[in-house]
Amino acid sequence: MFEHSRSVNRRGCEKENPAPEIYELASHAARILEEETEKVTDPATKTAKLTEFGIERIHSDEFNVAWNKLVRPWQTYVENALRAEFLMARDEDYIFESESEKILIVDSFTGRVREGSTWREGLHQAIETKERAPISPETNSIATISRQRFYGLYDKVAGMTGTASESAGEL
């Protein structure tokens, strides 16, 4: 079901597909941890955190973690799995397209599918694991900037409208 292969990102650079066993183990850990004593989930803010006891347990010998295959701290994998399992709802936060076996993100404000978008830092892969879909390689942003900051880089900003003629007297 899962493939461990290489793919090419937008820039043509090879990127290795993630090890599915890491996500499977994190998903298993998320399901067996005890609420309140080892994990805390908040549906209102869609956040999930491990308690001190939970952190100790996931780092115990109970979980056979392939440490050399991790690209981020093990705790992050488990917290992403917690969010995927208990806080992210199918057909509300995302759609699972069974024909293409892809996870499509639903914009919470508009209710529309955000084509080409993925969640960051392994959350998308955690949801793919939950839905038993092939795990896609992670995408990494090199830099981000808000529109407001982008426009602020310019000395002058201009705009144009076709409806100003109706308010010409006020202008």
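## The overall picture

Accessible area here comes from the Shrake-Rupley method with a 1.4 Å probe. By that yardstick, the protein chain exposes about 12,000 Å², and carbon and sulfur atoms supply 49% of it. Keep in mind that this is a predicted model.

The protein chain has 171 residues, and 33% of them are buried. Its regular elements are 5 helices and 7 strands. If you walk along the sequence, they come up in the order β-β-α-β-β-α-α-β-β-β-α-α. Contacts are worth a look too: take those with a separation of 6 or more, and 52% of them are between residues 24 or more positions apart.

## A helix tucked inside

Helix α4 covers residues 123-130, and 7 of its 8 residues are buried, so the rest of the structure largely encloses it. The buried ones are L123, H124, Q125, A126, I127, E128 and T129.

What do they pack against? Two helices, α1 (20-32) and α3 (74-86), are partners of these buried residues, and so are two strands, β5 (94-97) and β6 (102-106). Once you leave α4, you'll come across R132, which has a positive phi, near 60°.

## Salt bridges across the sequence

There are 8 salt bridges in the structure. One of them brings together the side chains of E138 and R72, at 2.6 Å from N to O. E138 sits in the loop between α4 and α5, while R72 sits in the loop between α2 (52-58) and α3, so this pair ties together parts that are 66 residues apart in sequence. Are the two partners buried or exposed? E138 counts as buried because its relative accessibility is 12%, and R72 is buried as well, with a relative accessible area of 16%.

Another bridge links E131 with R90, and here the closest N and O atoms are 3.2 Å apart. E131 is in the loop between α4 and α5 and R90 is in the loop between α3 and β5, so the pair connects parts that are 41 residues apart in sequence. This time the partners fall into separate classes: E131 is buried, at 14% relative accessible area, whereas R90 is partly exposed, at 42%.

## A small charged network

Some salt bridges share partners, and that joins E38, R57 and E62 into one network. Within this group, E62 bridges to R57, with 2.9 Å between the closest N and O atoms. How accessible is E62? Its relative accessibility is 42%, so E62 counts as partly exposed.

## A nonpolar patch on the surface

Now for the outside of the model. Six residues form a nonpolar patch on the surface: I145, F150, Y151, L153, Y154 and V157. Together they have about 670 Å² of accessible area.

Where does L153 sit in the chain? You'll find L153 in the segment after α5 (147-152). Is L153 buried or exposed? The cut-off for exposed is over 50% relative accessible area, and L153 counts as exposed because its relative accessibility is 62%.

Note on methods: Residues numbered from 1 in each chain as written. Predicted model: local features only at pLDDT ≥ 70, side-chain atom pairs only at ≥ 80, totals over all residues. Heavy atoms only, no water. Patch = residues over 30% accessible without salt bridge, like charges linked within 9 Å, V, L, I, M, F, W, Y side chains within 5 Å. Salt bridge = Lys/Arg side-chain N within 4 Å of Asp/Glu carboxyl O. Helix = DSSP H or I, 4+ residues; strand = E, 2+ residues; numbered from the N terminus. Buried < 20%, exposed > 50% of the residue type's maximum accessible area, 1.4 Å probe, protein only. Contact = heavy atoms within 4.5 Å.
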